[in-house]
Amino acid sequence: MPTNSQVPDDTFSVDDVALIFEGGGMRASYTSAVVKVLLEEGISFPWVAGISAGASNLANYLSLDAVRAERSFVDFVSDPQFGGLGTFVRGRGFFNAEYIYEQTAGADQALPYDFEAYRANPAASRIGAFECDTGRAIYWTEEDVTTTADLLRQVRASSTMPIIMPPVDFRGHVYVDGALGPSGGIALDAAKADGFSRFFVVLTQERGYHKGPARGLPLIRRQFRNYPAVAEALAARPANYNRVREEVFDLESDGRALVFAPHRMRVSNHTKDIVQLRASFDAGLEQSRRELPLWRNFLGI
């Protein structure tokens, strides 16, 4: 078993609940702790979805790598190639996405990825992205993945925040952040389409959060003048996001969803301060362990 894998002797398979990871950039420092606790407890789901930073949580969860889950959103920010204004002005993005997602997964690189563990995981997976040239929201499945490079390019595409990171070419299309789709960044639609009626939803915003109107639309329209669907989707995102969140909390009220929402989110989607990110992860870990009995009760384990 790979060194980074942390799987207990006893595992618990949940047959009827979909696991959904919301995105949120570096706010996933908080929710990557959920990945750690699920793996520590040996809790496996039959179906997992992630969009944007949630796709990274998905990839790390499905490869059973609690160490990588934590490092991805905490320690890795100290890597000198992680990004910043220098990489942004050189056209590589404020987050140096090609490096982060596609040049770090080798055995001797910064964030080794256990692709064999991912392939061996029986769970179905869905990674959401937005197709700039068609205006479609798409979900890649495990059947769309044949190599580590495929998987991590999909994760990169799903995580590509417009302007902050350059769009991603993949298999003949151009992609940006999956949160621009009708799901708003919470893949409840995909889980329902695949027949699930019970959900474990991991959010990266507090329960009282409400997304306001989109900002920067004139810049988006100029930057993506060849892809007008991007600006249209960004303008529609707040309404989509707020609608899906409301549905998630309605499902929780009906006993059909368990919702993990940070008690207090202290970092933003672009925070790069390792001290703040460590504090965020630790807070997420404390909350996850405190709420674990509620998880077990909902999941029936």
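**Entry 1: the largest cavity**

I looked up which helices line the largest cavity in this predicted model, and found that helix H2 (53–62), helix H3 (66–73), helix H5 (97–102) and helix H7 (148–158) each supply at least two residues. H2 provides the largest share of this lining, with 4 residues. I recorded a volume of about 260 Å³ for the largest cavity. The lining comprises 22 residues, of which Ser56, Ser72, Phe73, Ile100 and Tyr101 are the closest to the centre. I then sorted the lining of the largest cavity by class and obtained 14 nonpolar, 7 polar and 1 charged residues.

**Entry 2: the second largest cavity**

I noted that the structure holds 2 cavities of 30 Å³ or more. For the second largest cavity I have a volume of about 40 Å³. Its lining consists of Ile51, Gly128, Ala129, Ala137, Ile138, Tyr139, Gly178, Gly181, Pro182, Ser183 and Asp189. The elements that give two or more residues to this lining are strand E5 (124–131) and strand E6 (136–141). E6 gives the most, with 3 residues. By class, I entered 6 nonpolar, 4 polar and 1 charged for the lining of the second largest cavity.

**Entry 3: the largest pocket**

I turned next to the pockets. The largest pocket has a volume of about 900 Å³. I listed Lys211, Arg215, Leu234, Arg237 and Asn269 as the closest to its centre among the 32 residues that line it. Helix H9 (217–223) and helix H10 (228–253) each contribute at least two residues to the lining of the largest pocket. H10 accounts for the largest share, 3 residues. I classed the lining of the largest pocket as 14 nonpolar, 12 polar and 6 charged residues.

**Entry 4: the second largest pocket**

The second largest pocket encloses about 300 Å³ of space. I found 19 lining residues, with Ser44, Phe45, Leu64, Asn121 and Pro122 the closest to the centre of this pocket. Helix H1 (28–40), strand E3 (43–44) and helix H6 (115–120) are the elements that give two or more residues to the lining. I counted by class 13 nonpolar, 5 polar and 1 charged residues in the lining of the second largest pocket.

**Entry 5: nonpolar cores**

I asked which members of the largest nonpolar core touch the most other members. Of the 68 residues in this core, they are Phe45, Tyr61 and Phe200. H1 gives the most to the largest core, with 8 residues. I then followed Tyr61 individually. Leaving aside residues up to four places away in sequence, Tyr61 touches Leu19, Phe21, Val35, Leu38, Leu39, Ile43, Ser44, Phe45, Val48 and Asn121. Apart from the largest core lies another, of 24 residues, among them Ala18, Ile51, Leu188 and Val248. I observe in my notes that Phe45 belongs to the largest core and is also listed among the residues closest to the centre of the second largest pocket. Likewise, Ile51 is a member of the core of 24 residues and lines the second largest cavity.

**Entry 6: salt bridges**

I recorded 17 salt bridges in the structure. Glu102 pairs with Arg156, the closest N and O atoms being 2.7 Å apart. This pair links distant parts of the chain, with Glu102 in helix H5 and Arg156 in helix H7, 54 residues apart. Is each partner buried or exposed? Glu102 counts as partly exposed because its relative accessibility is 32%, whereas Arg156, at 6%, counts as buried because the cut-off for that class is under 20%.

I next examined Glu252 and Arg207, whose side chains meet in a salt bridge at 2.8 Å, N to O. This pair also links distant parts of the chain, 45 residues apart: Glu252 lies in helix H10 and Arg207 in the loop between strand E9 (199–202) and H9. Glu252 is partly exposed, with a relative accessible area of 25%, and Arg207 is partly exposed at 43%.

Glu286 forms a salt bridge with Arg290, with 2.7 Å between the closest N and O atoms. I asked why these two residues are separated by about one helical turn. They are so placed because they stand 4 residues apart in helix H11 (residues 274–299). I entered relative accessibilities of 43% for Glu286 and 44% for Arg290, and each counts as partly exposed.

Lastly, I noted a network of salt bridges that links Lys36, Glu40, Glu70, Asp75, Arg278, Asp282 and Arg289.

Note on methods
Residues numbered from 1 in each chain as written. Predicted model: local features only at pLDDT ≥ 70, side-chain atom pairs only at ≥ 80, totals over all residues. Heavy atoms only, no water. 1 Å grid on protein atoms, 1.4 Å probe; cavity = no way out; pocket = protein on both sides within 12 Å on 5 of 7 lines; lining within 4 Å. Points joined across faces, edges and corners; volume = space filled by probe spheres on them. Nonpolar A, V, L, I, M, F, W, Y, C, P; charged D, E, K, R; others polar. Core = buried A, V, L, I, M, F, W, Y, C linked by side-chain atoms within 4.5 Å. Buried < 20%, exposed > 50% of the residue type's maximum accessible area, 1.4 Å probe, protein only. Contact = heavy atoms within 4.5 Å. Salt bridge = Lys/Arg side-chain N within 4 Å of Asp/Glu carboxyl O.
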